[in-house]
Amino acid sequence: MMIILCPGIHEPELTENFISGWLSQKRDKIMVCPGQGVLALSAPHILQFLDDRCKNRQNTPIVFISFSAGVVGAIAAAWNWQILGGQVKAFIAIDGWGVPLWGNFPIHRLSHDYFTHWSSLLLGSGHNNFYAEPTVDHLSMWRSPQNVQGWWVDSSYEDFPQQMRLTAAEFLHLLLKRYE
């Protein structure tokens, strides 16, 4: 399984902080889509990156982890990757507020506050999501997920969603274990 990181429009150092803040032991399984500015929004750019590095689509399951503006390009790339024969194990959107997320693969959202969590769910998500509490600034979700406390919400229980307190990094770690 490969983990494809699709960062947003921010300083590249934040992405390195993100990786070291939650998954330093599996760096060989992580690929970071390059690109500054509007390239973060470009599904064709992300697909070309994947084509260059994942020669065997059917035998390389992928988990997309995207942040902010990077969610826009990443979700379109995930759909197209699957249409082209690739396997998308899961799609994880971190603070992709306002981006509709649908697909025939598992989708999870992480949000920097409850309002973003609640309002984003209206645009599609899976059952297992995370929101920060107390609220943190937007970039903290990517800069230091190990320091972001919040709630894992399993909304498959419609009347009474199940919740568990943990950090954003712990939530990501548990999700990835599920898809290994």
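## Cysteines

A disulfide is taken here as a pair of cysteine sulfur atoms within 2.5 Å. In this predicted model, that rule yields a count of zero disulfides. The sulfur of C33 has its closest cysteine sulfur in C6, at 3.8 Å, which is too far for a bond because the cut-off is 2.5 Å. C54 is likewise in no disulfide, and its nearest cysteine sulfur, that of C33, is 9.5 Å away.

C33 is buried, with a relative accessible area of 6%. C54 is also buried, at a relative accessible area of 4%.

## Nonpolar cores

In soluble globular proteins, nonpolar side chains tend to be buried together. The largest nonpolar core of this model has 29 residues, and the members that touch the most others are F18, I65, I94, L110 and M141. Two or more residues each come from strand 1 (2-6), helix 1 (12-20), strand 3 (62-67), strand 4 (88-94), strand 6 (128-132), helix 5 (140-143) and helix 6 (168-179). Helix 6 contributes the most, with seven residues.

Leaving aside residues up to four places away in sequence, L110 touches I92, A93, I94, D95, F130, M141, A168, F171 and L172. A second core, separate from this one, has 27 residues, among them C6, A43, L47 and A78.

## Surroundings of T167

T167 belongs to strand 8, which spans residues 162-167. This threonine is buried, with a relative accessible area of 8%. Beyond residues up to four places away in sequence, T167 touches F130, P145, Q146, V148 and Q149. F130 is thus named among the contacts of T167 and also among those of L110.

Key. Residues numbered from 1 in each chain as written. Predicted model: local features only at pLDDT ≥ 70, side-chain atom pairs only at ≥ 80, totals over all residues. Heavy atoms only, no water. Core = buried A, V, L, I, M, F, W, Y, C linked by side-chain atoms within 4.5 Å. Buried < 20%, exposed > 50% of the residue type's maximum accessible area, 1.4 Å probe, protein only. Helix = DSSP H or I, 4+ residues; strand = E, 2+ residues; numbered from the N terminus. Contact = heavy atoms within 4.5 Å.
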